[in-house]
Amino acid sequence: MKDLKIVSTQSTPLIETDSHRGVVYMEGDSYPENSFEFYSELVAWVTSYLKDNERPMTVELALLYLNTSSIKVMMDIFDELEEHHQKGRDITVNWRYDVDNERVAELAEEFKEDCSFAFNIIGQE
Amino acid sequence: MKHNIKALEQRVVAALEDETNQGHPLHEVLEALWQYNQDQWSRMEHLIRVSDSYQDMMIQREKTLSERFDKHLRQLDKITRISDRYQTALREANLELEQASYVDALTGLPNRRKMLRRLKAEFDMRPESVRLAMIDIDYFKRINDEFGHLIGDDVLVSVGNLIELTVGELGHISRWGGEEFLVIFSQPDQAEIEACLKQLANTIRETHFESGDHAKIRTTISIGVSHYQAGDSADTLITRADDALYRAKNRGRNQVVFG
C-alpha cells in the first residue's frame, strides 16, 4: 500500500501516512482552494487501509484552522472511522494543540461529539 | 353479503360431496365453477402478498432516505457550527493582531503607525488646530552605555508614562522611535500647551529614575513644537517639529523650542 507524504504549504497541512503502523499524521492550517480534491488521496488511503486489514488505526492531528470544506472532509473521515469502530475496529484519534490556543481544543471537542472511539485532545506547552 | 360467503362455501362443498348429487348434470358445472373460484382466490392472495411487499419496500426506502436526509441535516448543522466558530476565532485573532500592530511593545504606548493614522485623521478634520511636539531624551545613549539596555528600557518606559500623565487630556502621545516621543495636540490654546510642555520638562528633570543599584539616574528632555501653517501637510508639520527639536538640541538641550 502506497503511503502519502504531502508537504505543508501556507494554506494546506502536512499529511503523512504509515500503513505498517496504521497511522495518519496531519499538521498545520487547512485552507485549500479545493478541499475535496486536495484530500482525495487521503480519503482513498483511509478507505483502502480500513478495507484491506483489521489492524488498529491511529490519527495524529495538530491542526489549527480549517475552512468549511476541510471541516466536511474531516467529519466524513471521522464518520468512516466511527463506522469501523462500531464493527469492532480499534480506532484512536489524538488531537494535539498548543495550550496557548484554547480555541483549537474547543473546536476539537466539537468534532469529538459524535465519536465513540478514543478521541484524545492533548494540550502541549 | 361478505359475511355469508363462508356459509355459501360450506353449502357448495356439501352439495359437491353429497352422494345423491353425483351424476346430476349440474354437479360437473358447479365443480368446475368451484375450482375456478378457488384458483381466483389463490391468485388474489398472491397479488395481495406481492403488493404488500412492494409497499413494505417503499416504506423501507422512504425510511432510509429520511434517515439519510436527517443525517445530512445534522452534519450540515455541525459543519456550520464548527465553521462559524473557526471564523469567530480568526476574527478575534485578527483583532488582537490589529491591536498589537498599533502598540509599541516596550512602552505599551501607541506606536508610530497608530500616530500617523491619528495625525491624518486630525488633519482631515481640523488641520488649523493641530500642534505637534517631538520629544527626545537627552544623552540617552549615555544611560544605555552606563547602566545597560535593560535599565535604559526602564527609563524609556518611565519617561513615556510621565509624558502621558502630564499631557493627559490635552493630546495623544506615541513612541515615535528610539528615544523619541511624538505628542499631537488638537487644542487651540497655545499658552496651555506651552505651560504643559514646560511642566513636562521640569518633571523629567526632577525625576530620579531607578538604576538597579543605589545611584539614581537623572535626565532631561528636549522638545520641538510645530503648529499648522497654511499649505502644511502632515509630513511638513512633522519635519518642522523635528527641526525645532534639532534647534533645542543645538541650544544646549533641556528646553522647549517652538518652530
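# Notebook: strands, helices and a contact between chains A and B

**Entry 1, the sheet of chain A.** I began with strand β3 of chain A, residues 23-30, and found that seven bridges join it to β4(A), the two strands running parallel. Before going further I noted that what I have open is a predicted model. For one pair within this ladder I looked up Val23(A), whose bridge partner in β4(A) is Thr58(A). I then traced the whole sheet, which is open, consists of six strands in the order β1-β2-β3-β4-β5-β6 of chain A, and has mixed pairing. At its edges I found β1 (5-6) and β6 (118-124) of chain A, each of which pairs on one side only.

**Entry 2, the contact between the chains.** I asked myself how many residues each chain brings to the contact. Chain A gives nine residues and chain B gives 10 residues. On the side of chain A that touches chain B, I listed the elements that give two or more residues, and these are β4 (57-66), α3 (68-86) and α4 (102-112) of chain A. The largest share of that side, four residues, comes from α3(A). Sorting the residues of the side of chain A that touches chain B by class, I got five nonpolar, one polar and three charged.

**Entry 3, an overview of chain B.** Turning to chain B, I found seven helices and five strands in its secondary structure. Read from the N terminus on, the elements of chain B follow the order α-α-α-β-α-α-β-β-α-β-α-β. Chain B has 259 residues, of which 22% count as buried. I also looked at the contacts in chain B between residues at least 6 apart in sequence, and 60% of these join residues at least 24 apart.

**Entry 4, two helices of chain B.** Which residues of α1(B) and α2(B) meet, and how do the two helices lie to each other? Helix α1 of chain B covers residues 5-17 and helix α2 of chain B covers residues 25-100; they pack at an angle of about 135°, with their axes 10 Å apart. Because of that angle, α1(B) is oblique to α2(B). The crossing in which α1(B) passes α2(B) is left-handed. From α1(B), the residues Val12(B), Ala15(B) and Leu16(B) meet Leu30(B), Glu31(B) and Trp34(B) of α2(B). By class, this contact of α1(B) with α2(B) holds five nonpolar residues, no polar residues and one charged residue.

**Entry 5, the sheet of chain B.** I next followed the strands of chain B, where five of them form an open sheet in the order β2-β3-β1-β4-β5, with mixed pairing. The edge strands here are β2 (171-177) and β5 (256-258) of chain B, each pairing on one side only. From one strand to the next, the twist of this sheet averages 20°. I then looked at strand β4 of chain B, residues 221-227, which pairs with β5(B) in the parallel sense over three bridges. Within that pairing, Gly224(B) has Val257(B) as its bridge partner in β5(B).

**Entry 6, helices on the sheet of chain B.** Which strands of chain B does helix α6 touch? Helix α6 of chain B, residues 190-206, packs on the sheet and touches β1 (131-137), β3 (180-185), β4 and β5 of chain B, and its direction makes about 165° with that of β4(B). Helix α7 of chain B, residues 234-250, also packs on the sheet, where it touches β1, β4 and β5 of chain B, and the direction of α7 makes about 145° with that of β4(B).

Technical notes. Residues numbered from 1 in each chain as written. Chains lettered and ligands numbered in written order. Predicted model: local features only at pLDDT ≥ 70, side-chain atom pairs only at ≥ 80, totals over all residues. Axes fitted to C-alpha atoms, helices over the stretch in contact; angles between N-to-C directions. Parallel < 35°, antiparallel > 145°, perpendicular 65-115°, else oblique. Left-handed = near helix turned anticlockwise from the far one by under 90°. Contact = placed C-beta atoms within 7 Å. Nonpolar A, V, L, I, M, F, W, Y, C, P; charged D, E, K, R; others polar. Buried ≥ 20, exposed ≤ 12 C-beta atoms within 10 Å, placed from the backbone. Pairing = 2+ DSSP bridges.
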